[in-house]
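Hi,

Here is the structure I promised to pass on. Have a look at it first, and then read my notes below.

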Amino acid sequence: MSALETFKALQSSEFGRFIGGQNHLFCAGLELAHIVGMILLLASIALVSLRLFGIGLKQQSVAALSKATAGFVWTGLALLVGSGLLIFIPAATSYYPNDFFWYKAVLLALALATHLTAFRWVTRNETPSPLIARTTGAISLSLWLSVAFAGRFIGFF
């Protein structure tokens with residue numbers, strides 16, 4: 001089954017038709033949940049990344065700050081994934097030809113891979129190398145911001 005066939009099947013499924021048949025307030029609620037999720041995730045990642053750059057909150061270790069923001073990261077990601085799927089499924093075929101949708105998917109996979117590997121390793125280390133810490137923070141923050149921008153551009157192209 002091709003990707004387009006999968007998208008068609010998702011959109012025409014009973015669940016896809018049910019979600020697509022909801023009123024505009026439900027859809028607005030999904031959009032709001034998506035935005036709140038992005039704010040939670042990006043704010044937390046930005047805070048830790050800035051600390052990795054050596055900017056702000058110097059009295060708190062990177063590991064402690066990362067631990068304190070982890071709940072916000074995972075809550076934000078859960079909101080993003082949940083609301084994103086509910087936004088995507090009823091209109092799946094309209095996303096298929098959109099290049100920014102595919103950019104977002106690839107960037108999201110890269111951001112998650114970076115977060116679960118390098119970012120996690122650096123932020124759990126009490127004294128990470130400054131070069132590695134800055135590089136990891138820059139890559140992570142850049143990827144997550146790119147996911148957000150690609151997602152925003154989906155609606156314009």
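Let me start with a pocket. The second largest one has a volume of about 230 Å³. It is lined by 15 residues, and Ser 66, Ala 70, Arg 120, Thr 123 and Arg 124 are the closest to its centre. H3, H4 and H6 each give two or more residues to that lining, with H4 supplying the largest share, seven residues. Sorted by class, the lining of this second largest pocket has seven nonpolar, five polar and three charged residues. Please keep in mind that this is a predicted model.

Now the overall picture. The protein chain has seven helices and zero strands, so if you step through it from the N terminus you read α-α-α-α-α-α-α. Along the principal axes, the C-alpha atoms fill a box of roughly 50 × 30 × 25 Å. The chain has 157 residues, and 33% of them count as buried. Taking contacts with a separation of 6 or more, 79% are between residues 24 or more positions apart.

And the largest pocket? Its volume is about 750 Å³. There are 23 lining residues here, and those closest to the centre are His 34, Gly 84, Lys 104, Gly 151 and Ile 154. The elements that contribute two or more residues to this lining are helix H3 (24-53), helix H4 (62-88), helix H6 (99-124) and helix H7 (130-154). H4 gives the most to the lining of the largest pocket, again with seven residues. By class, you'll find 16 nonpolar, four polar and three charged residues around the largest pocket.

One helix is worth a look of its own: H6. It has 26 residues and spans 36 Å from its first C-alpha to its last, close to the 38 Å expected at 1.5 Å a residue. Where does H6 bend? The bend is at His 115, by about 40 degrees. His 115 is also one of the buried residues of H6, along with Phe 101, Lys 104, Leu 107, Ala 111, Thr 114, Phe 119, Val 122 and Thr 123. Two of these names came up earlier: Lys 104 is among the residues closest to the centre of the largest pocket, and Thr 123 is among those closest to the centre of the second largest. What do the buried residues of H6 pack against? Their partners are helix H1 (3-12), H3, H4, helix H5 (92-95) and H7.

Happy browsing!

Technical notes:
Residues numbered from 1 in each chain as written. Predicted model: local features only at pLDDT ≥ 70, side-chain atom pairs only at ≥ 80, totals over all residues. Heavy atoms only, no water. 1 Å grid on protein atoms, 1.4 Å probe; cavity = no way out; pocket = protein on both sides within 12 Å on 5 of 7 lines; lining within 4 Å. Points joined across faces, edges and corners; volume = space filled by probe spheres on them. Helix = DSSP H or I, 4+ residues; strand = E, 2+ residues; numbered from the N terminus. Nonpolar A, V, L, I, M, F, W, Y, C, P; charged D, E, K, R; others polar. Expected span 1.5 Å × (residues − 1). Bend = angle between axes of the 7 residues up to and from the residue. Buried < 20%, exposed > 50% of the residue type's maximum accessible area, 1.4 Å probe, protein only. Contact = heavy atoms within 4.5 Å.
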